[in-house]
Amino acid sequence: QSYRLTDERRKRLEDIGFCWSAREGNEKASLETSGRITRNSYDDQWDAMFDLLVKYKEQYGDCLVPKRFTPNPKLGTWVD
């Protein structure tokens, strides 16, 4: 099974202001969403990490989680 980033997940990230590179700044690309057919544990894990990223943005004002983010190293790795 492939664990690639779906268009729907990419759009969710971009909707909260996620930057794909530090140089990207606030530019946002528009993407079409695609429906999800089935869910699995990977989907649940992805959703949980996305929720943590939303909370990070609420606290710090951006989605630029350091790779070695001490309060939650998994989040830093996930964003990287």
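With which residue does R12 form a salt bridge, and how far apart are the closest N and O atoms? The partner is E8, and the closest N and O atoms of the two side chains are 4.0 Å apart. The model in which this pair is found is a predicted one, and the pair offers a convenient point of entry to the structure.

Before the pair is examined further, the overall plan of the chain should be set out. The protein chain contains 3 helices and 0 strands, and its pattern along the sequence reads α-α-α. Of the 80 residues in the protein chain, 29% are buried. The area that the protein chain exposes is about 5900 Å², and carbon and sulfur atoms supply 49% of that area. Among the contacts in the protein chain with a separation of 6 or more, 47% are accounted for by residues 24 or more positions apart.

The discussion now returns to R12 and E8. Both residues belong to helix α1, which covers residues 7-15, and because they are 4 residues apart there, about one helical turn separates them. An α-helix has 3.6 residues a turn, so residues three or four places apart point the same way. The two partners fall into separate classes of accessibility. R12 has a relative accessibility of 21% and therefore counts as partly exposed, whereas E8, with a relative accessible area of 18%, is buried. The dividing value here is 20% relative accessible area, under which a residue is called buried. The pair also takes part in a wider arrangement, for E8, R12 and D47 are linked in a network of salt bridges.

A second salt bridge involving helix α1 is formed by R9 and D43, with the closest N and O atoms 2.1 Å apart. This pair links distant parts of the chain, since D43 lies in helix α2 (residues 41-60) and R9 in helix α1, 34 residues apart. Both partners are buried: D43 has a relative accessible area of 7%, and R9 has one of 3%.

Helix α1 holds a further pair. The side chains of D15 and K11 meet in a salt bridge, with a distance of 2.9 Å from N to O. D15 and K11 are 4 residues apart in helix α1, which means that about one helical turn lies between them. K11 is partly exposed, with a relative accessible area of 25%. In total, the count of salt bridges comes to 5.

Which residues of α1 are buried, and against what do they pack? The buried residues of α1 are E8, R9, L13 and E14, and they pack against α2 and α3, the latter covering residues 73-79. After α1 comes G17, a residue with a positive phi, near 90°.

Two consecutive residues of helix α2 deserve attention in turn. L52 lies in helix α2 and, at 31% relative accessibility, counts as partly exposed. When its neighbours within four places in sequence are left aside, L52 is in contact with N72 and L75. The C-alpha atoms of L52 and N72 are 9.2 Å apart in space, and the two residues are 20 residues apart in sequence.

L53 is likewise found in helix α2. Is L53 buried or exposed? At 0% relative accessibility, L53 counts as buried. Apart from its neighbours within four places in sequence, L53 is in contact with L13, I16, F18, C63, V65, L75, W78 and V79. One of these, L13, is also listed among the buried residues of α1. L53 and L64 are 11 residues apart in sequence, and their C-alpha atoms are 9.4 Å apart in space.

The final subject is the empty space around the chain. Rolling a probe the size of a water molecule over the atoms shows where empty space is left. The second largest pocket has a volume of about 160 Å³. Its lining consists of 13 residues, and those nearest the centre of the pocket are C19, L64, V65, V79 and D80. By class, this lining has 9 nonpolar, 2 polar and 2 charged residues. V65 and V79, which lie nearest the centre of this pocket together with C19, L64 and D80, are also among the contacts of L53.

Conventions:
Residues are numbered from 1 along each chain as its sequence is written. This is a predicted model: local features need pLDDT of at least 70, side-chain atom pairs count only at pLDDT 80 or more; totals for chains, interfaces and linings use all residues. Side-chain values use heavy atoms; hydrogens and water are left out. Helices (H or I, at least four residues) and strands (E, at least two) are DSSP runs, numbered from the N terminus. Buried means under 20% relative accessible area, exposed over 50%, partly exposed in between (1.4 Å probe, protein chains only). On a 1 Å grid over the protein atoms alone, a cavity is a set of points where a 1.4 Å probe fits but cannot get out, and a pocket is an open set with protein on both sides within 12 Å along at least five of seven lines; lining residues have an atom within 4 Å of a point. Grid points are joined across faces, edges and corners, and a volume is the space filled by probe spheres set on the points. Ala, Val, Leu, Ile, Met, Phe, Trp, Tyr, Cys and Pro count as nonpolar, Asp, Glu, Lys and Arg as charged, and the others, Gly among them, as polar. Contact means heavy atoms within 4.5 Å. Accessible areas come from the Shrake-Rupley method with a 1.4 Å probe; for residues, only the protein chains shown count as cover.
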